[in-house]
Amino acid sequence: MENIVYKSTRGHGEPVSASYAIVHGIAADGGLFVPQQLPVMDKELSELVDMNYRELAYEVMKLYLTDFSEDELKYCIERAYDDKFDTKAIAPMVHPNGTNILELFHGATLAFKDMALSVLPYLMTTAARKQDLEEEIVILTATSGDTGKAALEGFANVSGVRIIVFYPKDGVSTIQRLQMVTQQGDNTHVVAMKGNFDDAQRSVKEIFTNQDEAVRMKNAGYMFSSANSINIGRLVPQVVYYYWAYLQMVRDRKIQLGDKVNFCVPTGNFGNILAAYYAKAMGLPVGKLVCASNSNNVLTDFFHTGRYDANRQFYITTSPSMDILVSSNLERLIYLVCKEDGAQVQELMDSLRQRGSYTLPMDKSVLEEDFWAEFADEYATDNAIRTIYQKSGYVMDPHTAVAYSVAERYQNETGDDTTMVIVSTASPYKFPTSILQAVEAEVPEDESSLMQKLSEISGTPIPQRVKQVLNSPIRHHRVCEKEKALAEVRGILGL
Ligand SMILES: *Cc1c(COP(=O)(O)O)cnc(C)c1O
């Protein structure tokens, strides 16, 4: 097996091991760690088809995390993908009304972030041991709603780690907020930031790349790391479920081994869809990756024009986890498109920081082989929720509905009849109000009645985790201005 090392998208520094990249989260030059070359699957699909999720996860992850021993990696995987998930399939595939939907929301916090964040804490603590770290790790995380809770849940009471989460004060759903502010664990800290997700993400990245602060922290016995999808330890576990989806499609007799499938992914920070791209690069038979955005359609415009321009109105939508204008993981794609020229990536990212925009130095047609992009506005999103509910009784959350709507548009506009898999990223129970409005049901005032109503119309039980959140005391009350993140972090650490 080939040894895979990681380097920065911005070209500086020596290549590092996977465990180094996971512990540090982001490269010292502000770039993201990427594998020096993308691995290729070393088994035939026919050898993978009967594996369970954990076995498959090992086959995929071992190709990226080559400095982890077999025992170490299997330990991480066994601990992560257990009965925290409410189904043995971990990520089941369902087929309402002739569609193919990959449900990634069966973990502890009811969103796809659990797929990676249930394993990241184990990868991180194992990596820290391998790196002989002496400092306590401080995980800094910006969340658009779902990462925060999934990271808190994953890292709560993990020894040697503290976690601080910043979420946009008015930018998350009620359940998302309650999930975070009721979090247990003495090592967990939650801060509402007066700003949007981009403000939170920028603040956290600034702290990461502040070298003076890093020295201060080291002297105080701390080291920062990230649970956001800038961490390669988030991305690698996400590659697994694209293989899993494909193999389930084979087992469900929707396709035959070797057939191509397309994936339509509801996209914000470009982490989920990038994992699909990595799976394709490893040899999975994938046709098009359809990048679905909401009204914050900066990525749609980017794929259509080759110009990334974040200078635009920011909308708060019913799919808040995609309310993002600066999409971090796109940098990893840009790096590949720029033929791994770090200096060029640096230039584009400097332009993004200074002017809020950049233009690809080559023709945008380089993206068209693999990607197609569109967006669904609020009307189209509601319409998708209502249509599929009326046809089949299946209730999908607004993020999934964005993908559903865009997938339909892709098929209508291109005539491509390759089998489409829609990636479903959140449980409807995270967004009951939007769903009840979309299907024109009565919308009760209080959260418990909302859940009850959603349960009635969908014929599904209210998840245990939702009931718990509604009955738990609020433990976190911090609020900060968007310029004051660093001061908040210092305050929390008592510095
Ligand atoms: C995070 C999230 C997304 C966006 O995923 P990215 O990897 O950031 O593109 C979509 N839907 C839900 C429900 C999410 O939590």
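Biologist: Where does the space taken by the ligand rank among the cavities?

Modeller: This is a predicted model, in which local features need pLDDT of at least 70 and side-chain atom pairs count only at pLDDT 80 or more, while totals for chains, interfaces and linings use all residues. Residues are numbered from 1 along each chain as its sequence is written, and side-chain values use heavy atoms, without hydrogens and water. With a cavity taken as 1 Å grid points where a 1.4 Å probe fits but cannot get out, and the ligand placed there if more than half of its atoms lie within 2 Å of those points, the space taken by the ligand is the cavity that ranks as the largest.

Biologist: Which residue has a polar backbone atom 2.7 Å from an oxygen atom of the ligand?

Modeller: Two side chains also make polar contacts (N or O atoms within 3.5 Å): that of Lys 113 has an N or O atom 2.6 Å from a ligand oxygen, and a polar side-chain atom of Asp 146 lies 2.5 Å from one. The backbone contact at 2.7 Å belongs to Asn 269.

Biologist: How much of the ligand's accessible area does the protein cover?

Modeller: On its own, the ligand has 380 Å² of accessible area (Shrake-Rupley, 1.4 Å probe). The part of this area that the protein covers is 98%.

Biologist: Which residue meets the side chain of Glu 340 in a salt bridge?

Modeller: The whole structure holds 29 salt bridges (Lys or Arg side-chain nitrogen within 4 Å of an Asp or Glu carboxyl oxygen). In this one, the N to O distance is 3.5 Å, and the partner of Glu 340 is Lys 7.

Definitions and conventions
A polar contact is a pair of N or O atoms within 3.5 Å; within protein, one must be able to donate a hydrogen and the other to accept it, and residues adjacent in sequence count only if both atoms are side-chain atoms. On a 1 Å grid over the protein atoms alone, a cavity is a set of points where a 1.4 Å probe fits but cannot get out, and a pocket is an open set with protein on both sides within 12 Å along at least five of seven lines; lining residues have an atom within 4 Å of a point.
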